[in-house]
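Colleague: Hi! Could you walk me through this one before I head back to the bench?

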Amino acid sequence: MQSDHTSPLLALDNITVQYEKSDSLAVEQASIVVYPGEIAGLVGESGSGKTTLGLVAAGMLCPKQGQVVFNGRCVDMRERVGMYQHRRNVQMVFQDPAGALNPRMTIGEMLDEVLYVHRQALGMRDRTRREQRRDQLMDAVGLPKSMRHRYPHALSGGQRQRVGIARALAVNPKLLVADEPVSALDVSVQVQILNLFKKVNEELGQACLFVAHDLAVVRYMCERAYVMEAGRVVESGLCRLLFSAPEHPYTRKLIQAVPDVEKGLKLRKMSLSESN
Ligand SMILES: Nc1ncnc2c1ncn2[C@@H]1O[C@H](COP(=O)(O)OP(=O)(O)OP(=O)(O)O)[C@@H](O)[C@H]1O
Ligand SMILES: [Mg+2]
């Protein structure tokens with residue numbers, strides 16, 4: 001969804017991050033915005049700072065400098081109530097669904113727990129209501145209700161990532177930060193999960209910051225994207241222009257490193273039609 005006239009849902013303004021005991025900057029003066037309802041891409045090679053910037057967006061990492069502005073309000077990392085709200089508003093979906101799920105809890109227990117912890121904010125003090133919501137979430141991500149008794153190890157990679165998405169959606173976030181959510185998955189499953197993100201975006205209107213190193217994936221998912229190199233945002237714009245007429249040498253290099261962006265996309269589209 002392109003939003004020329006709305007103000008950003010999220011603005012990361014001049015963000016600089018330095019990890020403890022590191023003498024270099026993981027992110028340096030990076031600025032990006034995500035508009036309500038859009039899927040914005042963040043692309044760059046390994047180590048360019050994508051995850052770091054995603055963690056800052058989700059309020060899980062405090063920048064050394066810069067501001068996180070959400071819905072027009074500056075997010076203060078030291079302020080407990082504001083941070084609780086921000087962390088609920090912005091949910092992350094991680095690359096490795098197995099590592100992100102508790103191996104000792106069933107899918108149902110995991111979802112029940114999130115809904116219980118946030119019952120007040122979600123207006124779900126009633127247990128039956130939470131159980132209905134759990135079933136609804138499983139349905140929304142394409143998992144049969146009967147799977148709620150399963151443990152993560154008894155699911156496929158794609159199913160685990162569906163659980164990760166359901167858990168993120170449970171708290172009605174306004175923004176999802178999806179950090180390479182399909183890179184650990186088989187190509188045929190990748191398309192299904194990408195389409196699930198699109199469906200969620202269209203049906204629920206949630207915005208998404210979609211992190212990937214795969215240009216074909218970003219092009220498939222996003223109208224707009226940011227390109228990161230060595231901690232800096234070096235180029236941004238509409239994907240169709242970014243990838244057909246890149247201005248920055250690094251973007252050109254990225255595209256050359258994946259000569260088959262278009263071909264990759266076609267392959268995915270093929271498996272997409274096969275999977276439907
Ligand atoms: N916890 C940490 N402590 C110290 N340095 C870190 C930490 N996490 C990341 N870094 C460093 O910060 C820089 C940016 O890392 P980041 O994980 O954000 O990159 P990325 O673009 O997500 O890479 P990838 O595509 O491999 O996931 C890298 O140089 C990395 O080594
Ligand atoms: Mg990363």
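Modeller: Happy to; we can go through the ligand, the cysteines and the strands. This is a predicted model, where local features need pLDDT of at least 70, side-chain atom pairs count only at pLDDT 80 or more, and totals for chains, interfaces and linings use all residues. Residues are numbered from 1 along each chain as its sequence is written, chains are lettered from A and ligands numbered from 1 in the order in which they are written, and side-chain values use heavy atoms, with hydrogens and water left out.

Colleague: Great. Which residues are around ligand 1?

Modeller: Tyr19, Ala26, Glu45, Ser46, Gly47, Ser48, Gly49, Lys50, Thr51, Thr52 and Glu180. Being near means having a heavy atom within 4 Å of the ligand.

Colleague: Which N or O atoms lie by an oxygen atom of ligand 1?

Modeller: For Gly47, a backbone N or O atom lies 2.7 Å from a ligand 1 oxygen. The side chain of Thr51 has an N or O atom 2.8 Å from an oxygen of ligand 1, and for the side chain of Thr52 the distance is 2.5 Å.

Colleague: And how much of ligand 1 does the protein bury?

Modeller: The protein buries 57% of the 630 Å² that ligand 1 exposes when taken alone. Those areas come from the Shrake-Rupley method with a 1.4 Å probe.

Colleague: Switching topic: how many disulfides does the structure hold?

Modeller: Zero, taking a disulfide as two cysteine sulfur atoms within 2.5 Å.

Colleague: Why is Cys74 without a bond?

Modeller: Because the closest cysteine sulfur, in Cys62, is 11 Å from the sulfur of Cys74, which is too far for a bond. Cys74 is also partly exposed, at 47% relative accessible area; on that scale buried is under 20%, exposed is over 50% and partly exposed is in between (1.4 Å probe, protein chains only).

Colleague: Now the strands. What order does the open sheet have?

Modeller: Its four strands run 2-1-4-5 with antiparallel pairing. Strands here are DSSP E runs of at least two residues, numbered from the N terminus, and two of them pair if DSSP finds at least two bridges between them.

Colleague: Which strands stand at the edges?

Modeller: Strand 2 (27-34) and strand 5 (73-74); each has a single partner strand, so one side of each lacks a neighbour in the sheet. Strand 1 (residues 10-17) pairs antiparallel with strand 4 (residues 65-70) over five bridges, and Leu12 is opposite Val68 of strand 4.

Colleague: What about strand 6?

Modeller: Strand 6 pairs with strand 7 (residues 175-179) in the parallel sense over four bridges, with Val93 opposite Ala178 in strand 7. In strand 6 (residues 90-93), Val90 and Met92 point one way, Gln91 and Val93 the other, and all are buried.

Key
Polar contact = N/O pair within 3.5 Å; in protein donor to acceptor, adjacent residues only side chain to side chain.
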